[in-house]
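Here are a few notes to read with the model open beside you. Take them one at a time and find each residue as you go.

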Amino acid sequence: MTEKDASSEKIISDAMADPSPAKSMGDPGITPLSPSHTQNDTDQVPSGPSFVVVVAIDFGTTSSGYAYAFAKEPECIHTMRRWEGGDPGVSNQKTPTTILLTPDRKFHSFGYAARDFYHDLDPSESKHWLYLEKFKMKLHTTANLSINTDLHAANGKRVKALDIFAYALAFFKEQALKELSDQTGGEFDNSDVRWVITVPAIWKMPAKQFMREAAYKSGLVSRENPEQLIIALEPEAASIYCRKLRLHQMVDLGTQTTQNGFSPSDNVGSGMSQASPAAKEHVRRNRQSRTFLVENVIGELWSELEEGDRYVVVDCGGGTVDLTVHQIRLPEGHLKELYKASGGPYGSIGIDYEFEKLLCKIFGQDFIDQFKIKRPAAWVDLMIAFESRKRAAAPDRTNPLNINLPFSFIDYYKKFRGHSVEHALRKSNVDFVKWSSQGMLRMNPDAMNSLFKPTIDHIIQHLTELFEKPEVSDIKFLFLVGGFAESPLLQQAVQNMLQGRSRIIIPHDVGLTILKGAVLFGLDPSVIKVRRSPLTYGVGVLNRFVEGKHPPEKLLVKDGTRWCTDVFDTFIAADQSVALGEMVKRSYTPAKPSQQVIVIHVYCSEKENASFISEPGVRKCGTLRLDVSGTESTAARREIQTLMQFGDTEIRAMAVDVSTGRTVKASIDFLSH
């Protein structure tokens, strides 16, 4: 072996995360055979087993639902049956993401049913039941998410997050299979379904993996058949649907005034007034039916886009706001992600928090905290009353908004403080909230708008920063999707920020955009050809020690050879473009021919370039253990290939012993156990 070969030799180290992870290990490691990294063809994406139907579940922070399409009629997307229950002023195509467990922690109900049942319980009983809502945000906000992460029910008791998510998915599985069985007139088999679950693009890898773990636990799919479930990114799903839009299925904010605001009941307000009678009729029929015809062709709007055109999808949901930048690749109109997904926890529940802060200011934090625990059902009622008024907020509104205070709020306050709610309002110095004689909180429109301000400011600030990035210049369209996109206040703010730089497009039934797009994605997952890697991935190796280049504390002498330990050997860097199914392959050989088990550790980091696995922010996210005992290699040096596949929403790794064909696969594990 020449001197040159020897100098490029690296050894994979079995590294833990202490200051010099590799020094503590007695494992001799492995050295590379080929320093190069090869990319495989990216076109041969394995086609999964055939399936009869795609069912997508949009598991939202505030509301959830499912939709489906049969593989043989991909242009017909069916949204789920109407739900029982429903709120005034809120269209109920989806059901609230609320779940109720019995006092002995068994699943009881989900959605409106859970809310209504919980609400009707006597307070002495309801304190033993476990009621949860808006719990999805916990996956985004928990720093060290694990299988054991807890959630708090309304009565303050703790429950395992994994159980709650699994119960919810099991509920949707049951509902969807029941509906499919009724449709097809026979028992519908779960193995004929390809499931799609949507998650925010800005979620970190542990949260995405958590969703998959919950799906396994719920029996949606089995670990043995992971490809039956696709994790789809919400703004990507929206983007796929927006390609299919016909002109009567959306509102173009640039070509019309939005003074009247949008109300969910008349198809996105004023935008329809210019539509032809035929289009209005089509929309009216569409509202009645739950089936959406997706044109097999590309929508009219899309036909204006040319090769290389860019557009932004802003997905404004209940919990998060996600921004994605896509570019068109013709002829097939595949999508390419230009800039890694960004955004933050700026969803519409931020407005609920502001309302809660306002109540604390008027009635006292101590009272509100007590009231939530002692009368949790009445608190839920109050927030429902607020929700319908929140949807009536508009930039040019002049008349006040009245919010019903539940009787038990008024009653409990009197007991707690010894004076009336009316008295509290008079003596609080919040002058824009008054007490009306009908027993309601009366807010002037400016007061309501000020509750929106912090959340909308966050979104606008983020959009402004995004539009300053070089990759985000000359954007043709901005698609505003997600439930919060219905807010006239948000629409106006986005219009003011863009100043006509891009056309703002809002699909009708904007809250269902993601659901419909997720179904289309499940029918053809290869439509998104290029993504940006959210993290840098690599393995820990040993390099030959070079004086002056390597830090002395990394020196490890082994059998007379001087090694530099803890080197981060990068497979792919953060924000690098990755084609769908792209494979990065490296070959290694055991440093010691007698080695029985070869261990390769995979690391990840949010930084684009990491030099050592001991740097802050680098964490171990997977391990490949290849047992080579009892096998002889004919070659002088046994070749171990390490492959990592990127470009899907999940990452796969495997190691192959070339001489025996023995293979070990690992799914990269981001849930710190």
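1. Start with Cys 242: this cysteine is buried, at a relative accessible area of 0% (buried means under 20% relative accessible area, with a 1.4 Å probe and protein chains only). Cys 564 is buried as well, also at 0%. And how many disulfides are there? Zero, going by the rule that a disulfide is a pair of cysteine sulfur atoms within 2.5 Å.

2. Before you go on, a word on the source: this is a predicted model, where local features need pLDDT of at least 70, side-chain atom pairs count only at pLDDT 80 or more, and totals for chains, interfaces and linings use all residues. Residues are numbered from 1 along each chain as its sequence is written, and side-chain values use heavy atoms, leaving out hydrogens and water.

3. Now for the insides. The largest nonpolar core (buried Ala, Val, Leu, Ile, Met, Phe, Trp, Tyr and Cys residues joined through side-chain atoms within 4.5 Å) has 100 residues, and Phe 363 and Leu 478 touch the most other members. Helix α15, residues 445-467, gives the most to this core, with 10 residues (helices are DSSP runs of H or I, at least four residues, and strands are runs of E, at least two, numbered from the N terminus). A second, separate core has 49 residues, including Phe 188 and Leu 220.

4. Finally, check Asp 566. This residue sits in strand β27 (561-572) and has a positive phi of about 65 degrees, though it is not a glycine. Is Asp 566 buried or exposed? Buried, with a relative accessible area of 0%.

Key:
Buried < 20%, exposed > 50% of the residue type's maximum accessible area, 1.4 Å probe, protein only.
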